[in-house]
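Here is a short report on how one chain is held together on the inside. It covers ring contacts, strands, a cavity and a few single residues.

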Amino acid sequence: MNMRNFASLAAGAALIALAAGSAKAAEEVEVLHWWTAGGEAAALNVLKENLAKEGVSWKDMPVAGGSGVQAMTALRARVTSGDPPTAVQMLGFDIRDWAEQGVVGNLDELAEKQGWAKVIPEALQAFSKYDDHWIAAPVNVHSTNWLWLNKAAFDKAGGKEPANIEELIALLDKFKEQGLTPLAHGGQPWQDGTLWESVVLSTGGMDFYKKAVIDLDPAALSGDQMKQVFDTMSKLRTYFDPNFSGRDWNLSTALVIEGKAGAQQMGDWSKGEWLRADKKPGTDFVCMRFPGTQGNVLFNADQFVMFDVGEEKRDAQMKLASAVEDPAFQIAFNTVKGSVPARTDVPGDQFDDCGKKGIKDVADAAKAGTLVGSLAHGYAQPGAVKEAVFDVITQHLNGQIDTATALKRLPEAVAAAK
């Protein structure tokens, strides 16, 4: 072979290698999310591994913070600079806010091909779509009104699930007698809000929750039932440990797992931490609806919103969306995460007892009209209203304002934020 032919072949090989490298680089998704706790990270690995099988590499952009507030701040910086990530974990009204800015991608073709409209609940579709176009792939359905109990401490306290707030207080007193922190809580605004919305639902039922949280009725926000809610929050505060302020939710879960605390009120993502610690429902821990909220579900659904990142990255983006909606992934992910599938056609036989209960609760609530968005997790009100409510709840819970002041400020804060 002469040198001229060799040079030509070498140049051709270099071009092929360059093209292959470019193609490989295009098959990458950059995903912004806040799944940084151990159980959450383990669940996310299921998706990463599935995409790797499709030849798509995963570029991680984790932003710690359990409600996604910090993640939305990071996202604004990226979009403002003209460099949005491929996909972003997002909740409720945040999805609508970004859709209104015209920066999200379109998933209509994939959704039509795979029949998403037939298997994804309408309550989720209300946020997965904008102007009747699919813009997000829902991963799961979480619910927030759960209570998690250390089984050994619970059995020692009598083993009877509390049916209302009064019985919950009695149970917490028994945990206190055992020398435990009765109620593990992390003092962050979104965690305060998660506890508060369960107390609202327990105190006045779904009708009151809808009036106060969905309709933002001033009378409901300042009346006798809301007074009872804030008084209950003050009582529950007495069962926290002294170090609760600022603590991440998973560290509070760890206190219950380790037998240092009796209970935690938290969404069903908490179960992922129990499973990661090799604990079993019914043996090591008890999952139950927050007392007084049985038959009702406050939901929160993680969704991956696809951003407009150009045609060269669209193929990898569609592979990500397709992988998220794959029934096999929905099972593998949600059995680890603690949530239930976003698709109604996914069977529950591979889920543990808490998962089976969650699937049934969501299905029953959807039929009864008692499947309603969580305020603390962005599915009941836009961010401005949510944050305004958080401010009042957290100030009150920390003793900065009394109940009378909270009842005056809550409707005022909501009105100013609307």
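## Aromatic pairs

Two rings of Phe, Tyr or Trp, the six-membered ring in the case of Trp, count as a pair if their centres lie within 6.5 Å. Planes under 30 degrees apart make the pair stacked, planes over 60 make it edge-to-face, and the rest are tilted. The model here is predicted. By this rule it holds 13 aromatic pairs.

One of them joins tryptophan 116 and tryptophan 134. The two ring centres are 5.3 Å apart, and the planes meet at 85°, an edge-to-face pair. Tryptophan 116 belongs to helix H6 (residues 116–119) and tryptophan 134 to strand E5 (residues 133–134), so the contact ties together parts that are 18 residues apart in sequence. Both tryptophan 116 and tryptophan 134 are buried. Another pair is phenylalanine 240 with phenylalanine 244: the centres are 5.1 Å apart and the planes stand at 55°, so this pair is tilted. Phenylalanine 240 is buried, with a relative accessible area of 7%. Phenylalanine 244 is buried too, at 4%.

## A ring cluster and an arginine

Some rings link up further. Trp35, Phe304, Phe329 and Phe333 are joined by ring pairs into a cluster.

Which rings does arginine 96 sit over? One is phenylalanine 93, where the charged end of arginine 96 is 4.9 Å from the ring centre. Another is phenylalanine 127, with arginine 96 over its face at 4.2 Å from the ring centre.

## Strand E8 and its partners

Strand E8 spans residues 146–150, and 5 of its 5 residues are buried. In a regular strand, side chains alternate between the two faces of the sheet. In E8, Trp146, Trp148 and Asn150 point one way. Leu147 and Leu149 point the other way. Both sets are buried.

E8 pairs with strand E11 (residues 285–289) through 5 bridges, and the two run antiparallel. Tryptophan 148 is opposite cysteine 287 in that pairing. E8 also pairs with strand E10 (residues 261–265), again in the antiparallel sense, over 3 bridges. Here leucine 147 faces glutamine 265, and tryptophan 148 has glutamine 264 as its bridge partner.

## Strand E10

What surrounds E10? All 5 of the 5 residues of E10 are buried, so the strand is largely enclosed by the rest of the structure. Besides its antiparallel pairing with E8, E10 pairs with strand E9 (residues 181–184) in the parallel sense, over 3 bridges. Threonine 181 has alanine 261 of E10 as its bridge partner.

## A cavity beside E8

How many cavities of 30 Å³ or more does a search of the whole structure find? It finds 2. The second largest has a volume of about 40 Å³.

Its lining consists of Trp146, Trp148, Asp268, Lys271, Gly338, Ser339, Val340, Cys354, Gly355 and Gly358. E8 and helix H17 (353–368) each supply at least two residues of this lining. H17 gives the most, with 3 residues. By type, the lining of the second largest cavity splits into 4 nonpolar, 4 polar and 2 charged residues. Trp146 and Trp148, both in this lining, belong to the set of E8 residues that point one way with Asn150.

## A mixed open sheet

Strands of a sheet pair through backbone hydrogen bonds, either parallel or antiparallel. An open sheet of 4 strands has the order E14-E7-E12-E15, with mixed pairing. Strand E14 (340–341) and strand E15 (371–373) are the edges, since each pairs on one side only.

Strand E12 (residues 297–300) pairs with E15 in the parallel sense, over 3 bridges. Phenylalanine 299 is opposite glycine 373 of E15.

## Tryptophan 34

Where does tryptophan 34 lie? This residue is in the loop between strand E1 (28–33) and helix H2 (38–53). Is tryptophan 34 buried or exposed? Its relative accessibility is 4%, and buried means under 20%, so tryptophan 34 counts as buried.

Methionine 90 is 56 residues from tryptophan 34 along the chain. The C-alpha atoms of the two residues are separated by 9.4 Å.

Key:
Residues are numbered from 1 along each chain as its sequence is written. This is a predicted model: local features need pLDDT of at least 70, side-chain atom pairs count only at pLDDT 80 or more; totals for chains, interfaces and linings use all residues. Side-chain values use heavy atoms; hydrogens and water are left out. Buried means under 20% relative accessible area, exposed over 50%, partly exposed in between (1.4 Å probe, protein chains only). A charge sits over a ring if NZ of Lys or CZ of Arg is within 6 Å of the ring centre and within 35 degrees of the ring normal. Two strands pair if DSSP finds at least two bridges between them. On a 1 Å grid over the protein atoms alone, a cavity is a set of points where a 1.4 Å probe fits but cannot get out, and a pocket is an open set with protein on both sides within 12 Å along at least five of seven lines; lining residues have an atom within 4 Å of a point. Grid points are joined across faces, edges and corners, and a volume is the space filled by probe spheres set on the points. Ala, Val, Leu, Ile, Met, Phe, Trp, Tyr, Cys and Pro count as nonpolar, Asp, Glu, Lys and Arg as charged, and the others, Gly among them, as polar.
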